[in-house]
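Colleague: Could you take a close look at one part of this model for me? I would like to hear about the aromatic side chains and what surrounds them.

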Amino acid sequence: MHRISRRSLSALLRHAAPYRSSAAPISHSASVVGETDTKVRWHSVLVGGKCNPAKSTTQINLKNGLYFGNRYESTAAASDATAAPPVEKYEYQAEVSRLMDLIVNSLYSNKEVFLRELVSNASDALDKLRFLSVTEPDLLKGGGELDIRIQTDTDNGIINITDSGIGMTREELVDCLGTIAQSGTSKFLKALKDTKDAGGDSNLIGQFGVGFYSAFLVADRVVVSTKSPKSDKQYVWQGEANASSYTIQEETDPEKILPRGTRLTLYLKRDDKGFAHPERIQKLVKNYSQFVSFPIYTWQEKGYTKEVEVDEDPAESKKDEQDNKTEKKKKTKTVVEKYWDWDLTNETQPIWLRNPKEVTTEDYNEFYKNTFNEYLDPLASSHFTTEGEVEFRSILYVPAVTPMGKDDMINPKTKNIRLYVKRVFISDDFDGELFPRYLSFIKGVVDSNDLPLNVSREILQESRIVRIMRKRLVRKAFDMILGISMSENREDYEKFWENFGKHLKLGCIEDRENHKRLAPLLRFFSSQSEDVMISLDEYVENMKPEQKDIYFIAADSVTSASNTPFLEKLLQKDLEVLYLVDPIDEVAITNLKSYKEKNFVDISKEDLNLGDKNEEKEKEIKQEFGQTCDWIKKRLGDKVASVQISNRLSTSPCVLVSGKFGWSANMERLMKAQTVGDTSSLEYMRGRRVFEINPEHPIIQNLNAASRVNPDDADAMRAIDLLYDAALVSSGFTPENPAELGGKIYEMMGLALSGKWSAPVAEVQEVQHQEAAPQHNSTEILEGEVVEPVQAGSQK
């Protein structure tokens, strides 16, 4: 192949008319308002074979000819071989109807946000007018107050939204509404930035240029009538859903002329005419746009009561006339007179924008009750402003009680945090973006001006700003809870702990970064405080000088914990032990690991060190009972990992302790109760158990003698088996064969009680014979012998 020079190419193109029918279209962006642009510009394609114009130009077979207009060319030498290949620039094309379909059906997940978007646009128009009127006061003349008014026609399914803002000229109408994703607000902010005045108007909401088209979520047809103070004429824009064109004309009807501003008329779809009810419009305004900085009026039906006369019955009237003595009184009744009028729907000053020094506790509580439909005052509130890298205002509350009717205690998708951006409500449906799920009970509002949102303004994008905001909100929440715990009224924190204590324990498991904030807030019962819960700080203050660890025992109740054999030696030494009686307690404490450089130690695990080791005494005991330990281990076999001398028992003969890294008896019981569990891990974690014996107990001393005298004695073997089963129960484990354990207990009871209350056989038979003999008559006369009295000391 030979490279064709530019001069040869020009000559060739002049004679290439037969090939123009197979040329490929290039993109175009020019459009005429009010009609569809069907003009197509072409660039040349020279081919030797057939070419289907419908196919993409990138699919043309280059072997059949030459393709001009892209980067494909021959590698043959030419006179201008050193010149760089030309770079051609193309503009993206957008199919308008398809783009509109995406906006209407895919961008927004909830139809009712259309009102939020349109009210936000109206607010922006009023803000622009207010800003421009500073330098051009004439813009405000003859336009009335700066407000937004919404009127509905329920019967015909029509909504009118009117603002007295800046309005639009014909050119602005074409530029803003005729170009999708063209934001007039964004252009306005850019112009302010260029003039270094951006700081004067930071409350403008719209940024994306698609908010207006949300009207087609509910409307088949939208009419925009607008009058700019910069123009003498008023123009009307009309567009329909799924259409690729729109119309603009001048308003000629005198009754529809606006002094200034914009009126949007939405002709609702058949299925969405319910939005035209005044009550529903009022509810949507209060939910999404309650704190817009301009008054929003809605057209509402109102009524007042008045007294009206009632026509009397002719018979009663005649009777009254005959009775001259009775005074004649007119009869009346109360009726309600209805009328329609504008009703102010929003509050222009949100409470979080006010100075906290000017807001009373009653104001905070009232806002809390109205916003979250609560009936009790919150336990605490926090009103703060964060500045610096991230700026936002917030009010947070700690509720007094848990929400009623909630099956799931920990629900990340609560409706407790209401997010506002520039005072416009965005969402209250979050999945842990602003608060971790263990703090999902915290309620409040957050208002920011620079949050990264998606185009529909419904979802927070993952970003560094959101992470920083989350950290600061969590920190403030902990400050509130700490304030409750330090309150003089101890009942406040007891009430909080009863409702939300489990949430904080879950935080110990999930949030390692905030362990230092969570630990002081925890509360537990203890061996020295079985009625009132204590904090970890109180435990540390009560520790003995030589005590190095924080001891705890996990059980299903305070009664079980206080009667466990693991406690015996610690109670003798007056060492306090925490009672973990909630199922989540043990996991939470295990994740904390330590508090104020004091390690948490489970007293039901092996290798318990109470700080009183006597190596010489331990050596003597091991020499004396070493043979017994081996003998018991041989009998128990794989049931235990080893048999050791215990340093934690004083009154019990033995105890069964868990391995250092295995599950405790309490944890094993909880894992067995799980609906979906891994049985293989259960076997692995509970495999290592240590049987500890108390050498000072009589039973162990008797067994020690048996191991030396008669190690194969059957009674001794049965005693070891029963001792192990009893240790299982007393240590909190579940016997593998409860029926077998019951049989052993009955057998031992029979031996112990045999003949204890029974008499010899002969005595029993005599008693039975006497009971069977006939009884004499009680009236029988008995003869008595007379005995003469004898003086003391006399002889007879």
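Modeller: Happy to! Trp352 and Phe367 are both buried, and please keep in mind that the model is predicted. The two rings form an edge-to-face aromatic pair, with 6.3 Å from centre to centre and 70 degrees between the planes. Trp352 sits in the loop between β12 (332-344) and α8 (361-372), while Phe367 belongs to helix α8, so their pairing ties together parts that lie 15 residues apart in sequence. Both rings also belong to one aromatic cluster, which includes Tyr288, Phe291, Tyr420 and Phe425 as well. Across the model, the count of aromatic pairs comes to 21.

Some rings have a charged partner instead. Arg149 places its charged end over the ring of Tyr297, 4.4 Å from the ring centre. For Arg689, the ring beneath the charged end is that of Phe733, again with 4.4 Å to the centre.

Aromatic residues appear in the nonpolar packing too. The largest nonpolar core has 75 residues, and those touching the most other members are Phe435, Leu439, Leu504 and Tyr551. Helix α9 (residues 464-485) gives this core its largest share, 10 residues. Apart from that core lies another of 57 residues, with Leu126, Val218, Val222 and Val292 among them. Coming back to Leu504, its contacts beyond four places in sequence include the aromatic residues Tyr493, Phe496 and Trp497, along with Leu439 and Ile481.

Key. Residues numbered from 1 in each chain as written. Predicted model: local features only at pLDDT ≥ 70, side-chain atom pairs only at ≥ 80, totals over all residues. Heavy atoms only, no water. Core = buried A, V, L, I, M, F, W, Y, C linked by side-chain atoms within 4.5 Å. Buried < 20%, exposed > 50% of the residue type's maximum accessible area, 1.4 Å probe, protein only. Helix = DSSP H or I, 4+ residues; strand = E, 2+ residues; numbered from the N terminus. Contact = heavy atoms within 4.5 Å. Phe/Tyr/Trp six-rings, centres within 6.5 Å; stacked < 30°, edge-to-face > 60°. Lys NZ or Arg CZ within 6 Å of the ring centre and 35° of its normal.
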